[in-house]
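Please set out how this fold is put together, taking the questions one at a time and giving the cut-offs behind each term.

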Amino acid sequence: MSTTLPSTNHASVAQDPAVAPPSAGPPSETRPSETRPSENSPSENGRSKDRRSETRRSEDWPSERPYQPPVDRPVDGEAHPQRRATDRATAHHPMRRAGDPPATARSARPAAQAQVAARHSVSLVVPAHNEARNIAWVFEQIPSCVDEVILVDGASSDATVPMARHCLPTVRSVQQSGPGKGNALRTGFAAATGEYVVMMDADGSMWPGEIPHYLHFLDNGFDFVKGSRCIAGGGSLDLTRIRSLGNRALLAVVNRLYDASLTDLCYGYCAFRRSFLSALDLRSTGFEIEAEMIAHALRSGLRIAEVPSLELPRRSGRSHLHAVSDGRRVLRTLIAERPGARSPATASVGEH
């Protein structure tokens, strides 16, 4: 019994997209006998058309201009974007006093700062005792922003004064009236004529190149600027364990008694406005004068700033500092000068 197979219409098979040709070549080739499906074919072709149209629409997206959020652009050369009404105000600068120079617009700020910097003269007070080997390095590093250098000589037996005059012919040399670093500093402060006064040691442990940092804060409204070895950018290459422990203990005392948040205490690199010299009311004769200056500045309500400073090793010779005995004098000074211990009126009466 013979079975007759139905005849197959190749054209209809090729036209039906659901049935693949029996011997189809690569996708990129098209056989002459085959014809592509019509886009007007029913449901399957309709869905393929929709998918192709969706693909074309998705491919067209990159050609469209992407959304860019609005950006606050600088105005008049300003480096920061404009502030919005909802932004929180910052208080990086201290409160202004009636005698402070008037505030200027940001566009005119560089010129105004240059004028302010040109108006204020700077005096550098350097107490020295037998520092002939160190004073040359110190004086060679003094920046040009310093207008006056006062060397307070403590009856040196070496060539401290001639070496200072050789390195800096314009230096003013004065003799201190009594012994001790405190007496030397008070003598130098009384002889200073600049509007800003900077004090530093002559042993090479303080780099004069940091002076512009101190002046920057004085130009921006602060009254007393002190160096700190304990904040970012500062440090010490000469701080022994005993001195470090003593400094931490005394720092905790001053922060507790004076309600302050200082980071360093026993470091004699400072700058202040000479107009507040009477408010500092300095009377100490030894190393404790550095703590007395800070205590009186806190008690008088001066605007204090700390700047990072690196303490270098002494270049030559031995230090005149005695950690234990001088630490005790600093502690007595902090306790005696704490707020409420003695009024300024009593101090002035006692001086007369």
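**Packing, sheet and cores**

Q: Against which elements do the buried residues of α4 pack?
A: The model is a predicted one in which local features need pLDDT of at least 70 and side-chain atom pairs count only at pLDDT 80 or more, although totals for chains, interfaces and linings use all residues. Residues are numbered from 1 along each chain as its sequence is written, and side-chain values use heavy atoms, with hydrogens and water left out. With helices (H or I, at least four residues) and strands (E, at least two) taken as DSSP runs numbered from the N terminus, and contact taken as heavy atoms within 4.5 Å, the buried residues of α4 pack against β1, β2 and α5.

Q: Which residues of α4 are buried?
A: Buried means under 20% relative accessible area, exposed means over 50%, and partly exposed lies in between, using a 1.4 Å probe and protein chains only. By that criterion 7 of the 9 residues of α4 are buried, so the helix is largely enclosed by the rest of the structure. They are Ala132, Asn134, Ile135, Ala136, Trp137, Val138 and Phe139.

Q: Which residues have the most contacts inside the largest nonpolar core?
A: A nonpolar core is a set of buried Ala, Val, Leu, Ile, Met, Phe, Trp, Tyr and Cys residues joined through side-chain atoms within 4.5 Å, and the largest one here has 32 residues. At least two residues of this core come from each of β1, α4 (132-140), β2, α5, β4, α7 and β8. Those with the most contacts inside the core are Leu124 and Phe139.

Q: How many residues belong to the other core, which includes Phe189 and Phe272?
A: Leu124, setting aside neighbours within four places in sequence, is in contact with Ile142, Val146, Glu148, Val149, Ile150, Val198, Met200 and Ile211. Apart from the largest core lies another, with Phe189, Leu250, Tyr258 and Phe272 among its members, and its count of residues is 31.

Q: How many degrees does the twist average from one strand to the next?
A: Two strands pair if DSSP finds at least two bridges between them, and an open sheet of 7 strands with mixed pairing follows the order β3-β2-β1-β4-β7-β5-β8. At its edges stand β3 (172-175) and β8 (304-308), each with a single partner strand, so one side of each has no neighbour in the sheet. From one strand to the next, the twist averages 20 degrees.

Q: About what angle does the direction of α5 make with that of β2?
A: Helix α5 (residues 160-167) packs on the sheet and touches β1 (122-128), β2 (148-153) and β3. Axes are lines fitted to C-alpha atoms, for helices over the stretch in contact, and angles between N-to-C directions run from 0 to 180 degrees. On that scale, the direction of α5 makes with that of β2 an angle of about 170 degrees.

Q: Which residue of β8 is the bridge partner of Ser228?
A: Strand β5 (residues 224-228) pairs with β7 (residues 270-273) in the antiparallel sense over 3 bridges, where Val225 has Ala271 as its bridge partner and Lys226 stands opposite Cys270. With β8, in contrast, β5 pairs in the parallel sense over 5 bridges. There the bridge partner of Ser228 is Pro308.

Q: Which residues of β5 are buried on the side opposite to Phe224, Lys226 and Ser228?
A: In a regular strand, side chains alternate between the two faces of the sheet. β5 is mostly covered, with 5 of its 5 residues buried. Phe224, Lys226 and Ser228 are buried on one side, and on the other the buried residues are Val225 and Gly227.

Q: How far apart are the axes of α8 and α11?
A: Helix α8 (residues 241-257) and helix α11 (residues 323-336) pack at an angle of about 5 degrees. Angles under 35 degrees count as roughly parallel, over 145 as roughly antiparallel, 65 to 115 as roughly perpendicular and the rest as oblique, and α8 and α11 are therefore roughly parallel to each other. Their contact involves, among others, Leu250 and Val253 of α8 and Val330 and Leu334 of α11. The distance between their axes is 10 Å.

Q: What is the C-alpha to C-alpha distance between Thr160 and Glu131?
A: Thr160 lies in helix α5 and is buried, with a relative accessible area of 0%. Not counting residues up to four places away in sequence, Thr160 touches Ala128, Asn130, Glu131, Ala132, Ile135 and Leu151. Thr160 and Glu131 are 29 residues apart in sequence, and their C-alpha to C-alpha distance is 5.5 Å.
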